[in-house]
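Trainee: Could you give me a close look at one part of this structure, namely the paired charged side chains and the elements that carry them?

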Amino acid sequence: MTGPTAEEPWPVRTVARKIAEWINRLGTVWVEGQLTQISARPGTGTAFLTLRDPAADVSMTVTCPTGMLRQHEPPLIDGTRVVVHAKPTYFLNRGTISLRADEIRAVGIGELLARIERLRRLLTAEGLFDPRRKRRPPFLPKKVGLITGRASAAERDVLVNAKARWPAVDFRVENVAVQGALAVPQIIDALSVLDKDPAVEVIVIARGGGSVEDLLPFSDEALCRAVSGCRTPVVSAIGHEPDTPLLDHVADVRCSTPTDAGKRVVPDVAEESQRVRQLRDRARRALHGWVDRERRLLDSLRSRPVLADPVTPLVRRAEQIDALAERARRALLGRLTAEQTALHATRARLTTLGPAATLARGYAVVQHTDTDGTPRVLRSIEDAPEGTRLRIRVADGALHAVVTGDGDEVVEGR
């Protein structure tokens with residue numbers, strides 16, 4: 001039979017039959033997932049279940065004999081992790097695919113814990129648990145985002161304790177499923193919504209205590225990676241103190257209980273008021289101490305003589321200047337007087353030794369030359385020949401009279 005064409009198309013039944021033939025040729029497969037929407041009506045031989053992937057929004061329908069479902073121990077409930085051995089089946093009339101299960105095994109606690117441990121080692125190797133990645137929540141957030149179950153005890157514990165410590169705290173609450181197959185996608189969606197809200201400064205994920213199966217969503221790999229990629233600091237408050245899902249290691253802050261989260265997400269107004277009063281008292285004492293020290297320093301400086309009587313040093317300096325000026329004046333006058341006296345004495349000596357003084361006393365030293373050319377000193381004017389003329393000259397500080405016969409000026413001595 002040739003392939004269909006636009007002129008000769010296949011009818012729906014042919015396409016459906018060919019798809020069914022192809023799927024029926026597939027073999028059996030082991031599938032792991034979470035059970036949801038278990039339906040086993042009385043009087044029917046087939047039970048319908050939904051097998052959901054806990055890490056993604058993907059699910060498939062599973063059918064199995066009702067007797068096998070009812071005889072399973074322990075009884076299967078919504079949220080149970082199972083491994084199903086099934087064969088893909090195509091329902092021709094409805095055009096749907098389902099898995100026809102012939103064996104369903106519940107995943108035991110030991111296996112779940114082993115898988116969580118393997119995931120823990122994987123996330124640790126990737127650095128999601130590194131303390132250096134953790135951020136410090138704000139001291140007093142403007143708004144706190146809370147992800148928790150609707151009307152749950154965890155929600156009440158967080159809100160009551162936070163408002164008791166800081167009545168003005170503002171919350172944005174996102175109610176989600178906190179266990180079962182829908183828990184992980186709802187928590188991730190709520191986390192994304194709160195992380196995009198610029199007013200939310202810290203996000204709290206809270207849930208009360210429960211069994212290992214109940215807390216499995218908080219060890220889910222997708223949720224851990226979503227919290228790691230969150231820009232807003234995340235506080236984990238899951239279960240009780242012994243409960244440590246993987247979310248506790250990825251979150252920025254781990255609280256032992258939702259009550260502890262309510263106490264740690266905001267400060268205590270009474271404690272902060274007391275701290276403010278203590279700081280104000282310390283500041284007041286420190287300021288008073290500083291003022292007292294500075295005042296004592298000023299008093300000490302003011303008590304010093306230079307500041308207590310600032311005019312006296314100036315007067316003393318002025319007196320010193322006046323005294324030095326008087327000494328300089330006396331020294332200068334004394335020097336002038338001495339020099340003047342010396343000058344007068346020198347002048348007197350010059351006057352005394354000068355020829356004018358000698359002449360004034362009626363004396364003169366007269367030198368004349370004989371006819372033979374010999375120089376002689378005239379002892380007395382009477383010894384001079386009559387008609388002798390004297391020529392007076394001053395040489396070597398002495399007055400000399402020379403007897404000449406020419407017409408020079410004549411100085412007559414006695």
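Mentor: R254 is partly exposed, with a relative accessible area of 27%; the classes used here are buried for under 20% relative accessible area, exposed for over 50%, and partly exposed in between (1.4 Å probe, protein chains only). The side chain of R254 meets that of D248 in a salt bridge, N to O at 3.1 Å. By a salt bridge I mean a side-chain nitrogen of Lys or Arg within 4 Å of a carboxyl oxygen of Asp or Glu. D248, by contrast, is buried at 4% relative accessibility.

This is a predicted model, in which local features need pLDDT of at least 70 and side-chain atom pairs count only at pLDDT 80 or more, while totals for chains, interfaces and linings use all residues. Residues are numbered from 1 along each chain as its sequence is written, and side-chain values use heavy atoms, with hydrogens and water left out.

The sheet comes next. Its 5 strands follow the order β7-β6-β8-β9-β10 in an open arrangement with parallel pairing. The edges belong to β7 (171-175) and β10 (253-254), each with a single partner strand, so one side of each lacks a neighbour in the sheet. Helix α5 (residues 183-196) packs on this sheet and touches β6 (143-148), β7, β8 and β9; its direction makes about 175° with that of β6. Contact means heavy atoms within 4.5 Å, and the angle, on a scale from 0 to 180 degrees between N-to-C directions, uses lines fitted to C-alpha atoms, for helices over the stretch in contact. Helices (H or I, at least four residues) and strands (E, at least two) are DSSP runs numbered from the N terminus, and two strands pair if DSSP finds at least two bridges between them. Within the sheet, β8 (residues 200-207) and β9 (residues 234-238) run parallel and are joined by 5 bridges. I203 stands opposite V234 of β9.

A further salt bridge lies in helix α9 (residues 269-303), where E272 and R275 are 3 residues apart, about one turn of the helix. The closest N and O atoms of E272 and R275 are 2.6 Å apart. E272 counts as buried at 16% relative accessibility, whereas R275 is partly exposed at 39%. Elsewhere, E117, R120 and R121 are joined into one network by salt bridges that share partners. Returning to E272, its contacts beyond the neighbours within four places in sequence are F139, W166 and P267.

D130 and R132 offer another pair, their side chains meeting in a salt bridge of 2.9 Å, N to O. D130 is partly exposed, with a relative accessible area of 22%, and R132 is exposed at 74%. In general, side chains of opposite charge can pair when their charged atoms come close. The structure holds 20 salt bridges, and the pairs described here are among them.

For the wider setting, the protein chain has 12 helices and 14 strands. Buried residues make up 32% of its 414 residues. Of the contacts in the chain with a separation of 6 or more, 60% come from residues 24 or more positions apart. The chain exposes about 25900 Å², and carbon and sulfur atoms supply 55% of that area, computed by the Shrake-Rupley method with a 1.4 Å probe.
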